[in-house]
Amino acid sequence: RSLEGLKAFSCLEELILDNNLLRNDLRLPRLPHLHTLMLNKNQITDLECLLDHLADVVPSLEYLSLLGNMACPNELVSKDKDEDDYQRYRYFVLHKLTNLKFLDTRKVTKWEREEALLRGAFMKVVKP
(Lines give C-alpha, C1' and ligand atoms only; values in the text may rest on other atoms or scores of the structure.)
Protein backbone atom coordinates (compact mmCIF):
# COMPACT_ATOMS: atom_id res chain seq x y z
CA ARG A 1 0.00 0.00 0.00
CA SER A 2 2.96 2.34 0.30
CA LEU A 3 4.29 4.02 -2.82
CA GLU A 4 7.34 5.45 -1.05
CA GLY A 5 9.75 3.33 -3.10
CA LEU A 6 8.70 5.00 -6.35
CA LYS A 7 10.92 8.00 -5.56
CA ALA A 8 13.86 6.05 -6.96
CA PHE A 9 12.13 5.73 -10.36
CA SER A 10 11.85 9.36 -11.47
CA CYS A 11 12.07 8.34 -15.15
CA LEU A 12 9.10 5.96 -14.87
CA GLU A 13 6.71 6.27 -17.83
CA GLU A 14 3.98 3.70 -17.09
CA LEU A 15 2.55 2.58 -13.76
CA ILE A 16 -0.18 0.01 -13.14
CA LEU A 17 -1.56 0.02 -9.60
CA ASP A 18 -4.78 -1.95 -10.15
CA ASN A 19 -6.27 -3.94 -7.23
CA ASN A 20 -4.06 -2.51 -4.48
CA LEU A 21 -6.63 -1.25 -1.95
CA LEU A 22 -5.33 2.30 -2.49
CA ARG A 23 -7.42 4.98 -0.79
CA ASN A 24 -7.79 8.74 -0.81
CA ASP A 25 -4.48 9.10 1.03
CA LEU A 26 -2.64 7.92 -2.12
CA ARG A 27 0.48 10.03 -2.60
CA LEU A 28 2.79 9.59 -5.55
CA PRO A 29 6.23 11.17 -5.67
CA ARG A 30 6.88 13.61 -8.49
CA LEU A 31 7.13 11.52 -11.67
CA PRO A 32 7.67 14.02 -14.51
CA HIS A 33 7.86 11.39 -17.28
CA LEU A 34 4.84 9.29 -16.26
CA HIS A 35 2.34 9.26 -19.13
CA THR A 36 0.24 6.19 -18.24
CA LEU A 37 -1.39 5.51 -14.86
CA MET A 38 -3.85 2.74 -14.11
CA LEU A 39 -5.61 2.88 -10.74
CA ASN A 40 -8.48 0.50 -11.49
CA LYS A 41 -10.33 -1.35 -8.74
CA ASN A 42 -8.98 0.49 -5.72
CA GLN A 43 -10.87 2.31 -2.97
CA ILE A 44 -10.61 5.90 -4.16
CA THR A 45 -13.66 8.04 -3.40
CA ASP A 46 -12.40 11.66 -3.46
CA LEU A 47 -11.98 12.46 -7.14
CA GLU A 48 -11.06 16.13 -6.81
CA CYS A 49 -8.33 15.47 -4.25
CA LEU A 50 -6.83 12.75 -6.46
CA LEU A 51 -6.94 14.90 -9.61
CA ASP A 52 -5.35 17.89 -7.88
CA HIS A 53 -2.55 15.62 -6.62
CA LEU A 54 -2.01 14.05 -10.05
CA ALA A 55 -1.94 17.46 -11.76
CA ASP A 56 0.85 18.43 -9.39
CA VAL A 57 3.05 15.32 -9.46
CA VAL A 58 2.51 13.80 -12.94
CA PRO A 59 2.43 16.72 -15.39
CA SER A 60 2.94 14.50 -18.46
CA LEU A 61 -0.03 12.22 -17.77
CA GLU A 62 -1.91 11.29 -20.96
CA TYR A 63 -3.55 7.95 -20.12
CA LEU A 64 -5.55 7.47 -16.92
CA SER A 65 -7.95 4.77 -15.81
CA LEU A 66 -9.98 4.87 -12.59
CA LEU A 67 -12.60 2.21 -13.32
CA GLY A 68 -13.82 0.23 -10.33
CA ASN A 69 -13.38 3.09 -7.84
CA MET A 70 -16.28 4.89 -6.19
CA ALA A 71 -14.79 8.13 -7.56
CA CYS A 72 -15.58 6.88 -11.06
CA PRO A 73 -19.38 6.73 -11.46
CA ASN A 74 -20.09 3.66 -13.50
CA GLU A 75 -23.20 1.54 -14.02
CA LEU A 76 -21.15 -1.60 -13.45
CA VAL A 77 -20.03 -0.48 -9.98
CA SER A 78 -23.13 1.35 -8.76
CA LYS A 79 -26.70 0.74 -9.90
CA ASP A 80 -27.71 4.34 -9.12
CA LYS A 81 -25.24 5.76 -11.70
CA ASP A 82 -25.89 6.10 -15.40
CA GLU A 83 -24.10 7.22 -18.57
CA ASP A 84 -24.87 10.89 -17.83
CA ASP A 85 -23.11 10.62 -14.46
CA TYR A 86 -20.13 9.05 -16.17
CA GLN A 87 -20.01 11.76 -18.85
CA ARG A 88 -20.07 14.51 -16.21
CA TYR A 89 -17.20 12.70 -14.46
CA ARG A 90 -15.24 12.70 -17.74
CA TYR A 91 -15.76 16.45 -18.20
CA PHE A 92 -14.58 17.13 -14.66
CA VAL A 93 -11.48 14.93 -15.04
CA LEU A 94 -10.62 16.54 -18.37
CA HIS A 95 -11.07 19.99 -16.82
CA LYS A 96 -8.51 19.09 -14.13
CA LEU A 97 -6.09 17.07 -16.29
CA THR A 98 -5.98 18.92 -19.59
CA ASN A 99 -3.28 16.76 -21.23
CA LEU A 100 -5.24 13.50 -21.10
CA LYS A 101 -5.67 11.71 -24.41
CA PHE A 102 -7.35 8.61 -23.02
CA LEU A 103 -9.61 8.23 -19.97
CA ASP A 104 -10.71 4.83 -18.72
CA THR A 105 -11.74 2.85 -21.79
CA ARG A 106 -12.23 5.70 -24.26
CA LYS A 107 -10.17 8.14 -26.23
CA VAL A 108 -10.78 11.79 -25.34
CA THR A 109 -12.63 13.46 -28.21
CA LYS A 110 -12.23 17.04 -29.39
CA TRP A 111 -15.85 17.69 -28.44
CA GLU A 112 -15.30 16.37 -24.88
CA ARG A 113 -12.23 18.55 -24.48
CA GLU A 114 -14.21 21.63 -25.58
CA GLU A 115 -17.07 20.80 -23.20
CA ALA A 116 -14.59 20.24 -20.38
CA LEU A 117 -13.10 23.68 -20.96
CA LEU A 118 -16.54 25.32 -20.92
CA ARG A 119 -18.37 23.32 -18.26
CA GLY A 120 -15.94 20.92 -16.61
CA ALA A 121 -15.46 23.02 -13.48
CA PHE A 122 -19.21 22.77 -12.83
CA MET A 123 -19.36 18.98 -13.19
CA LYS A 124 -17.92 18.19 -9.77
CA VAL A 125 -20.00 15.55 -8.03
CA VAL A 126 -21.06 16.86 -4.64
CA LYS A 127 -22.27 14.44 -1.99
CA PRO A 128 -25.27 15.68 0.04
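This passage describes the sheet, one helix and the cysteines of a predicted model.

The sheet is open and is formed by five strands in the order β1-β2-β3-β4-β5, with mixed pairing. Strands of a sheet pair through backbone hydrogen bonds, in either a parallel or an antiparallel sense. Two strands lie at the edges, β1 (residues 14–16) and β5, and each of these pairs on one side only. Within the sheet, β3 and β4 are paired in the parallel sense over two bridges. Tyr-63 stands opposite Phe-102, a residue of β4.

Helix α2 comprises 14 residues, from 83 to 96. The helix reaches 20 Å from its first C-alpha to its last, which is close to the 20 Å expected at 1.5 Å a residue. The buried residues of α2 include the aromatic residues Tyr-86, Tyr-89, Tyr-91 and Phe-92. Val-93 and Leu-94 are also among the buried residues of α2, as are Asp-85, Gln-87 and Arg-90. Together, the buried residues of α2 pack against two other helices, α1 (47–57) and α3 (110–119), and against the strands β3 (63–65), β4 (102–103) and β5 (106–107).

The structure contains zero disulfides. For Cys-49, the nearest cysteine sulfur is that of Cys-72, 17 Å away, whereas a disulfide requires two cysteine sulfur atoms within 2.5 Å. Cys-72 is likewise in no disulfide, its nearest cysteine sulfur being that of Cys-49. A disulfide is a covalent bond between the sulfur atoms of two cysteines. The surroundings of the two residues can also be described. Cys-49 is partly exposed, with a relative accessible area of 29%, while Cys-72 counts as buried at 2% relative accessibility.

Notes:
Residues numbered from 1 in each chain as written. Predicted model: local features only at pLDDT ≥ 70, side-chain atom pairs only at ≥ 80, totals over all residues. Heavy atoms only, no water. Helix = DSSP H or I, 4+ residues; strand = E, 2+ residues; numbered from the N terminus. Expected span 1.5 Å × (residues − 1). Buried < 20%, exposed > 50% of the residue type's maximum accessible area, 1.4 Å probe, protein only. Contact = heavy atoms within 4.5 Å. Pairing = 2+ DSSP bridges.
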